[in-house]
Amino acid sequence: MPVPIRRLAVALTLCCALLAGSAGWATAQSDGQHSRPTTTAVAAEPSPSTTAERQKFAKTRFVANAALAAGATYQWIWKPYKEGKFKKGAPHRKATLIKAGLAGAFTYNRLKAAVRNAQGDPTLSKALAPLNSAIAGLKELPSKLRKGDGSAVDSFNDTINKVKDAGKSAGAPVKDKVPSPSQLRSGS
């Protein structure tokens, strides 16, 4: 089969280019020159310039995280509890308890994030300091919810109300924001 002249010329040009490139690299290696391309990755991290802006963003992030935690607690823990959906024999009890367990883990995660955010603002960090142990105590409550322990619901609600009060006293009022089911599953 005859090969078209154009293909032959392209193939010959590529072979020559590869051969010349490798010969040049081998020469540079034998001379002791190691020319490796250096790249410097600079991650431009946006950061506020003043402490007032940092505090403002800390409060904003705190409010967002605390609002999601409060919304999840209300929607999937407090409301079903008040409606009696955790009681034995209630319709769809198992699904309700699973959702409550997920909401409990989500609430714990968002409250921990809210505490980290509050550390950027002196007023918020002072207001939330007494609540750290209450928030840490929420870690075991999702398993209690799955077992049907009603005291866990009260603990969640009390802790959320204390966080809301602390935010309000520090100038960052928190309003419930119900997270989407996908946010609940992903934990953020």
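Threonine 107 touches Ala69, Ala72, Thr73, Phe156 and Ile160, leaving aside residues up to four places away in sequence. It's worth starting there, with one caveat up front: this is a predicted model. Threonine 107 sits in helix H3, which covers residues 93–118. From there, we can look at the fold, the largest pocket and a spot on helix H7.

**Threonine 107 and its neighbours**
- Threonine 107 counts as buried because its relative accessibility is 0%, and the cut-off for buried is under 20%.
- Two of the contacts of threonine 107, Ala69 and Ala72, are joined on the list by Thr73, and helix H2 spans 51–82.
- Phe156 and Ile160 are also among the residues that threonine 107 touches, and helix H7 runs over residues 150–169.

**The chain as a whole**
- The protein chain has eight helices and zero strands.
- Read from the N terminus on, the elements go α-α-α-α-α-α-α-α.
- There are 188 residues in the protein chain, and 31% of them count as buried.
- Take the contacts with a separation of 6 or more: 76% of them are between residues 24 or more positions apart.
- As for the accessible surface, the protein chain shows about 12300 Å², with 58% of that belonging to carbon and sulfur atoms.

**The largest pocket**
- The largest pocket holds about 180 Å³ of space.
- Which residues line the largest pocket? The lining is made up of Gln75, Trp76, Lys79, Pro80, Glu83, Lys85, His92, Ala95, Thr96 and Lys99.
- Helix H2 and H3 each put at least two residues into that lining.
- H2 gives the largest share of the lining, with four residues.
- H3, the helix that carries threonine 107, is thus also a helix with at least two residues in the lining of the largest pocket.
- Sorted by class, the lining has four charged residues, along with three polar and three nonpolar ones.

**Aspartate 158 on helix H7**
- Aspartate 158 is found in helix H7.
- Why does aspartate 158 count as partly exposed? Its relative accessibility is 42%, and partly exposed means the range between under 20% for buried and over 50% for exposed.
- Aspartate 158 and alanine 134 are 24 residues apart along the chain, and their C-alpha atoms are separated by 9.1 Å.
- So for a quick pairing to look at on screen, threonine 107 counts as buried at 0% relative accessibility, whereas aspartate 158 counts as partly exposed at 42%.

How values were computed. Residues numbered from 1 in each chain as written. Predicted model: local features only at pLDDT ≥ 70, side-chain atom pairs only at ≥ 80, totals over all residues. Heavy atoms only, no water. Buried < 20%, exposed > 50% of the residue type's maximum accessible area, 1.4 Å probe, protein only. Contact = heavy atoms within 4.5 Å. 1 Å grid on protein atoms, 1.4 Å probe; cavity = no way out; pocket = protein on both sides within 12 Å on 5 of 7 lines; lining within 4 Å. Points joined across faces, edges and corners; volume = space filled by probe spheres on them. Nonpolar A, V, L, I, M, F, W, Y, C, P; charged D, E, K, R; others polar. Areas by Shrake-Rupley, 256 points an atom, 1.4 Å probe, with all protein chains shown as cover.
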